[in-house]
Amino acid sequence: MKVELKPEDELLVQRSLEVGKFSSAEDVVHHALQSLAAEEHWFQANQETISAHIDLGIAQLDRGEGMTPEESLAWLETQKDEWRAHR
């Protein structure tokens, strides 16, 4: 099978090769496909839990328990600051 990559994808492959983790473009693509398959497997295995969390969040919003956009942004900033502090 022969696959043509978009220029932006070729750039991603090249950057991965420059880092030195992979020895060939084929290795990069193989790793990417393995990651995609693992992600899809995880999603399928957790789809019920994800849906339940979404339903819970929607119910909370319907009851008026959600955050305002300003509160949400402030919370995200706090999370980002904590993440940076632990890096």
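Helices are taken here as DSSP runs of H or I spanning at least four residues, numbered from the N terminus. In the predicted model, the secondary structure of the protein chain comprises 3 helices and 0 strands, and the elements follow the pattern α-α-α along the sequence.

The overall dimensions depart from those expected of a compact globule. For 87 residues such a globule would have a radius of gyration near 12 Å, whereas the protein chain has 20 Å. Along the principal axes, the C-alpha atoms occupy a box of roughly 55 × 35 × 25 Å. Buried residues, defined by a relative accessible area under 20%, account for 5% of the 87 residues in the chain. The accessible surface amounts to about 8,000 Å², and carbon and sulfur atoms contribute 57% of this area.

Helix 2 extends over residues 25–62. This helix is kinked by about 60 degrees, with the kink centred on Asn-46. Gly-64, which follows helix 2, has a positive phi near 80 degrees.

Helix 2 also contributes to the largest pocket, which has a volume of about 160 Å³. The lining of this pocket consists of Met-1, Lys-2, Val-3, Leu-5, Val-13, Val-28, Val-29, Ala-32 and Leu-33. Helix 2 supplies 4 of the lining residues, the largest share. By residue class, the lining divides into 8 nonpolar residues, no polar residues and 1 charged residue. Because Lys counts as charged, the charged position in the lining is Lys-2.

Key. Residues numbered from 1 in each chain as written. Predicted model: local features only at pLDDT ≥ 70, side-chain atom pairs only at ≥ 80, totals over all residues. Heavy atoms only, no water. 1 Å grid on protein atoms, 1.4 Å probe; cavity = no way out; pocket = protein on both sides within 12 Å on 5 of 7 lines; lining within 4 Å. Points joined across faces, edges and corners; volume = space filled by probe spheres on them. Helix = DSSP H or I, 4+ residues; strand = E, 2+ residues; numbered from the N terminus. Bend = angle between axes of the 7 residues up to and from the residue. Rg over C-alpha atoms; globule rule 2.2 N^0.38 Å. Buried < 20%, exposed > 50% of the residue type's maximum accessible area, 1.4 Å probe, protein only. Areas by Shrake-Rupley, 256 points an atom, 1.4 Å probe, with all protein chains shown as cover.
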